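Dear colleague,

I am passing on the structure we spoke about, so that you can look through it at your own pace. Below it I have set out what was found, going from place to place.

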Amino acid sequence: MDDLTQLPGVGPSTAEKLKEAGYTDFMKIATATIGELTEIDGISEKAAVKIIEAARELCNLGFKSGSEILNQRKYIWKLSTGSKNLDEILGGGLESQSVTEFAGMYGSGKTQIAHQACVNLQCPERILADDSIRDEFLNEPKAVYIDTEGTFRPERIIQMAEALGLDGKDVLNNILVARAYNSDMQMLYAENVEKLIRDGLNIKLVIVDSLTSTFRTEYTGRGKLAERQQKLGRHMATLNKLADLYNCVVIVTNQVAARPDAIFGASEQAIGGHIVGHAATFRIFLRKAKGDKRVAKLYDSPHLPDAEAMFRITEKGIHD
Ligand code: ADP
Ligand code: MG
């Protein structure tokens, strides 16, 4: 819990009220809206602006110069998906300091990609990074797997690991799995990753599988949509912060919903609307093809062209 009295105009009693309203740390305040904070007794609109700005600064959410960003981007490393075709359209692999979204129908391969990423993190040949970056960031890297659907399978990890000549148990020991039964647990687990890192665990891969299923079942109906989007936005901000500050690869999976209103173009779309769309750096749509083949379509990337790649899912895992 952060010391909220560090914020301008926040004394012990306002700090207490903020905590009671669920604003227990700077990050929650940094991602709150002015309207939300003014609902708290004794916080004016002017005060809310100041408090949010200060919290953003403390969370490093403020502005950075272009050269600072360029400097930070020097440390980017890439994690192979297991498929060379898919890596290629991603510009080499899953990029650190970014959130990559995989969306698709059931069985399209989202969970398999997530499992394979955990295994590949333990395979130096499947990491694309300069030696200096390896030395500084990739020493005994660990993965966090936030599982909201109960589909994490250690047996599958062992199978994929052994296909690469790795020891399955070793790989499993480097994955921290958290089963989230609702969206509050899911958000809390993501927020706690920072604590794990500060405690000395070198977490370099964070997976949320699935990002949206808990939100979708808990916030049904139009009346709940605004609240759902706000919480999802906050969750995505947590994930983006992990990616940026700790040079992690972040993967989120997303279901797709049929679009009854679609006349032209896509008849399905990823859940979460603009909130998820803007917060994910790379968005990939997966669909089934013949047999074990899958097609990945990259769209909406800031610096890569839209493209498609074919890969396969077999007992060995994800490959071309
Ligand atoms: P989702 O997109 O719903 O998360 P999954 O990633 O769980 O889908 O993909 C499930 C599919 O992956 C299965 O239908 C099957 O085609 C394939 N698959 C899963 N495990 C294995 C395995 N051990 N060997 C071969 N194929 C597998
Ligand atoms: Mg799945």
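Lys28 is buried, because 22 other C-beta atoms lie within 10 Å of its own, and a residue counts as buried when that number is 20 or more. This residue belongs to helix 2, which covers residues 26–30. If we leave out residues up to four places away in sequence, Lys28 touches Gly22 and Tyr23. Ile313, by contrast, is 285 residues from Lys28 in sequence, and the two C-alpha atoms are 39 Å apart in space. Please keep in mind, here and in everything below, that this is a predicted model.

Turning to the overall layout, the chain is divided into domain 1, residues 4–58, and domain 2, residues 66–319. Between the C-alpha centres of domain 1 and domain 2 there is a distance of 31 Å.

The next place to look is the ligand. Which residues are closest to ligand 1? There are 13 residues around it, and the closest are Gly107, Lys110, Thr111, Gln112 and Glu315. Helix 7 (110–120), helix 9 (154–163) and strand 13 (307–314) are the elements that each give two or more residues to this shell, and helix 7 provides the largest share, with three residues. Sorted by class, the shell around ligand 1 is made up of eight polar, three charged and two nonpolar residues.

Two residues in the loop between strand 3 and helix 7 make a useful pair to study, and they are Gly107 and Ser108. Are they buried or exposed? Gly107 counts as exposed, because it has 12 C-beta neighbours inside 10 Å, and the cut-off for exposed is 12 or fewer. Ser108 is buried, because 23 other C-beta atoms lie within 10 Å. Setting aside its neighbours within four places in sequence, Ser108 is in contact with Leu286, Arg287, Lys288 and Arg294. As for distances along and across the chain, Gly107 and Ala163 are 56 residues apart, with 21 Å between their C-alpha atoms, while Ser108 and Gly200 are 92 residues apart, with 35 Å between theirs.

Helix 11, residues 183–198, deserves a careful look, and its length can be checked with a short calculation. At 1.5 Å a residue, its 16 residues should span 22 Å, and since its end C-alpha atoms are 24 Å apart, the two values agree. The helix also has a kink of about 25 degrees, which is centred on Glu191. Its buried residues are Ser183, Gln186, Met187, Tyr189, Ala190 and Val193, and what covers them includes strand 5 (142–147), strand 6 (175–179), strand 7 (203–209), helix 12 (213–218) and helix 13 (225–246). After helix 11 comes Gly200, whose phi is positive, near 110 degrees.

Helix 13, one of the elements covering those buried residues, can be checked in a similar way. Its 22 residues should span 32 Å at 1.5 Å a residue, and because its end C-alpha atoms are 31 Å apart, the expectation agrees with the model. The buried residues in helix 13 are Arg228, Leu232, His235, Met236, Thr238, Leu239, Lys241, Leu242 and Ala243. Asn247 follows this helix and has a positive phi, near 55 degrees.

Finally, there are some backbone details to note. Most residues other than glycine have a negative phi, and most peptide bonds are trans. Gln97, in the loop between strand 2 (94–95) and strand 3, has a positive phi near 65 degrees although it is not a glycine. With 21 C-beta neighbours inside 10 Å, Gln97 counts as buried. Glu140, in the loop between helix 8 (131–137) and strand 5, is another residue other than glycine with a positive phi, here near 45 degrees. Glu140 is exposed, because 9 other C-beta atoms lie within 10 Å. Where is a cis peptide bond found? Such a bond joins Asp209 and Ser210, with omega at about 5 degrees, and Ser210 sits in the loop between strand 7 and helix 12.

With best wishes

Key: Residues numbered from 1 in each chain as written. Chains lettered and ligands numbered in written order. Predicted model: local features only at pLDDT ≥ 70, side-chain atom pairs only at ≥ 80, totals over all residues. Helix = DSSP H or I, 4+ residues; strand = E, 2+ residues; numbered from the N terminus. Expected span 1.5 Å × (residues − 1). Bend = angle between axes of the 7 residues up to and from the residue. Contact = placed C-beta atoms within 7 Å. Near = placed C-beta within 6 Å. Nonpolar A, V, L, I, M, F, W, Y, C, P; charged D, E, K, R; others polar. Domains from an automatic or database assignment.
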